[in-house]
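Work through the exercises below with the coordinates open, and compare each step with the solution that follows.

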Amino acid sequence: MSQADVAAAPPTAVLRGGLRWGWSGVIIFALVCVFAQTSLGWLKTYPASLQLPVEAWFNAGMDWIIANFRAVFQTVTLLFTYPMGWVRETLHWLPWSGFVLIMAAMAFKARGVRLAAFTVLSLIYVLVVGLWAEAMNSLALVFISVPLAVLAGFALGVWGYSSARVERALNPVLDIAQTVPAFAYLLPILLLFGFGPVVGLVASVLFAFPPMVRNTILGLREVPSDIIESGQMSGATRAQLFWMVRFPAGRRQILIGVNQTTMASLSMVIIASMIGGTADIGWEVLSTMRKAEFGSSLVAGIVIALMAMILDRVTFGMAEQEGRNLEHRGFFQRYGFWLAVAAAVICLIVLRSLLPILGGWPENWKIDFAQPLDQAIQWFILTFKPGLEAIRNSVIFFVMLPLKIGLDKAVSPFTWGFALQPWHTAVFVVSVLAGAAAALRAGRTALAVATVLGGLVFYVGITDMPWPASVAILVYFGWRMGGGGLATGTALALTFLLVTGSWDKAMLSIHLATLAVLASFLMGSTLGIIAAQNDWFSHVMRPINDTLQTMPPFVLLIPTVMLFKIGDFTALLAIISYAYVPAFRYAEHGLRHVSKEAVEAATCIGATPMQLLLQVKLPLALPNIMLGLNQTIMYGIAMLVIAALVGTSDLGQEVYVGLSAGNFGQGFIAGIGMAIIAITADRFCRAWQRNHETRLQKGAS
Amino acid sequence: MIDEPNAMKADAVKLSCRNLWKVYGSKPDYYFDTSGYSIDVDGLAGRMRKEDHVPAAIDVSFDVHVGEIFVIMGLSGSGKSTVVRCLSRLVDASYGEVLLDGENLLEKSPKELIEVRRHKMGMVFQNFGLLPHLTVMENVAFPLKLQGKRLQEQRENAERVIELVGLQGREDAFPGQLSGGQQQRVGIARSLVVEPDIWFLDEPFSALDPLIRHQMQDEFLRIQRVLRKSIVFITHDFLEALRIADRMAIMRDGKIVQIGTPTDLILNPADEYVARFTSEVPRIRLLTTAACAVPATGDESAMPQVPADGLAENLIGKLAEHPEGLSVRDNNGADRGIVTPASLVKALAALGQGDTHVAS
């Protein structure tokens, strides 16, 4: 043992001892709470007398704002109504052929012939299924909200870039804007701006500007110092340095911000349509889904997916095009393409009066896919009903219920086929303790703690865990992970949930989110690991992942509801189908970018492919994989709210109920609750990453 | 001296760096707010370090003469990049003076500074610092564009320097399409397009692979023979410094350890640190013909004549053909003795023992 080892040993031992005693205390406290809760009712449910009427405060505040500032907001509404009307009218007035030409030209410029062809075919699909007008209504909103969000986001980004203090202030605002569920915005906007398409616009701008701010800051900051210094040494003034050096050098990242903003805007436009009143494509999906006309909602959902893919590829293609500057070429070389497109569009507009076919898509060219689709779906469901139900029931009975209400209540003759006997419990307790003891003997204290806690949670159930026990476990965990700051933050977050009376619903959300995140993470990283080893698999999965990511998550509800009806299980599936993608991508990226030398060294030592994967690649890719977990949590919680549409009973549902009942306070508190859960989970992940880095650098603990 | 204007011009100081300090930390000014800095330099630096400040440049002073290549050599973290950034004011020095043609750069207002940079300074960066969205032509013309020069003038000047660095034909390429060596040629062209008086090169060839680096050094020396700029050249490569320096400074931990010609440094290293660099250098590279000459003992009229200031290394082939010896002549044709195989070996042996009397 070298001297350094000797010196390092005592503190590690002390730390481990602390870990052991601290957790033992927390676990004993939790056990005491569990046993005492039958006699002490306040342990079970947080006493109502200690709750604060936050909901009423919010409502009163909102009433006050409406009473005093309504006129301001209504003026804004008026100001926006006209330009929105113009854009909408223009899109409707343009002959379909002209619009298709413009979009194809943009696609061609951004990515080339293949994307142009894809665009043309997609738009023809929209025409054929007869949803052109609805699609144009949605696009009109996107076309006007994207420039607003981009401008606002860019301005804020530049401001945040130029002042560290502003950036510090901006960050939590952006976090909240991105994590508070979209539905929670809709109601206050509805109350302030009045019923109408402006709600969709405002909500979409609010939801879409944060990625622009973040990417602008990132892009401006990332410019290598060599480039900035060379600009300074060329004698640039401050303005020149910004506009001629920093901005163009960071342009790619900023354009990626435009891409993300566009996608967020489309997503929000679709969600906003659920308040109705706009005959757009999102409404088409939702209303048909409510009537259980799944064929029609699939047809309309595909329109949304295609629109999303076109917008994504075109804006992303623009970002990718680095340096095709044509500064010293002629006017026609520079603008010729667009002049030709403009001329062709004008020709089409003129020709429309001669050849009406160019203007309006003929009725008899439309095809009704909805009916045959409906029949096919019916057939499928009837044929596979036993199988589908078996899957659904076993997941609900054996996984979801125990985690929700605990083994003590979930095991019943109706679900598991037998009633829970004391000896069952005894076996469970003994096996958990044995597992923990084995982990302890192997020196894996953290694993032992996790085993005991997991056993406890699984036996009692997340929603039936006494609240002081949950608070103690989470706050102590926060303290171990991130010190006083994270512990305080966690305590404050949980206090908010308690005093606003959202605790029970929040635990339901956490239950669903935990399951969904675990499942998404396991599935995503496993598939990602396979994809990293197998090029063919990676190739097949890439377009699938891209599609699932670019689609407004709302669309993912259609197939799951179709197959499994409404309920928690359906929500779980919908969340997984959206949230597994980041886990997949980060795992594959992490494994594929493991240092080549480490892999070669291990191969030369004689590692088998499996050893190479488990002992070299995975540990090295761990930070990336954890980043994937972080993203999966964010995606999962975002989708949780949208999944409320298919019947959950958690905070997400509360947001939705608040919206439909016009109760601002109720919806908003639930929305903040969701945001708090998301942000806290994010901080835990970041704390883990920080610990991991310091451990690697300093070798502590 | 005064009645010799030409000599005066060649020796004139272009850039003078006086007692330059750069201190990082929460309150660097605190150490210089009285006039009392002239206390013991090492003591002050030590105190800064103890008080959580980092003195990156410590009391750096040197002069760069007109037309001279002045190299600052040091390992990473020695403060050489900080010094050149203080000279160009990319970093504001904590204390000291930087005199360009007698004017203190550190006192210039931002506006004046921009003027100085636009007309008097050029700088080349280790990682090139090219704008990825501009072509070679646009990158080179960029400083002129910032000055608002007409497009025609921009192009003419840019073409001139592009030709100088040998990139004609690649004007419309983007930096991403060029090799590292070509990118640095663009960087060099851009720094020369405003015809600067003083030329800063911050490790210009460090990012290139060895063969290209050697080629670029030759290219650089060729350009310098044409332009005769006053140059501050930063490098961490001792051999590179030897190849190109007229005079060089060696830096360590923020301080200049020694200033001198490459030969001075090798033959009279100021301390162990410098000696460790110089011990790596094959001595024969520095041995001049004059240094291994011995007085003629017989008739040397039949021997081939060689110049006294040439390198002894180049004589080996000739000595093999003429073992009797070579006649050494200085620039004026005066006889400086002869070189024989024996005298060459003797001189080399003396060098190996650190005997320094052979230096010229």
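**Exercise 1.** Determine which residues of α6(B) are buried and how they are arranged about the helix axis.

Step 1. The buried residues of α6(B), a helix being a DSSP run of H or I with at least four residues, numbered from the N terminus, are Q154(B), A158(B), V161(B) and I162(B); buried requires 20 or more other C-beta atoms within 10 Å of the residue's own, exposed 12 or fewer, with C-beta atoms placed from the backbone.

Step 2. Viewed down the axis, these buried residues fall within an arc of 105°, so they line one face of α6(B); the arc is taken over the directions from the helix axis to the C-beta atoms.

Step 3. The face turned away from the buried side carries the exposed residues Q152(B), E153(B) and E163(B).

Step 4. The buried residues pack against α5 (136-146) and α7 (180-192) of chain B, where contact means C-beta atoms, placed from the backbone, within 7 Å.

The model is predicted: local features need pLDDT of at least 70 and side-chain atom pairs 80 or more, while totals for chains, interfaces and linings use all residues. Residues are numbered from 1 along each chain as its sequence is written, with chains lettered from A and ligands numbered from 1 in the order in which they are written.

**Exercise 2.** Check the span of helix α6 of chain B against its number of residues.

Step 1. The expected span is 1.5 Å times one less than the number of residues, so the 14 residues 151-164 should span 20 Å.

Step 2. The end C-alpha atoms are 20 Å apart, which agrees.

Step 3. Just after α6(B), G166(B) takes a positive phi of about 75°.

Key: Helix = DSSP H or I, 4+ residues; strand = E, 2+ residues; numbered from the N terminus. Contact = placed C-beta atoms within 7 Å.
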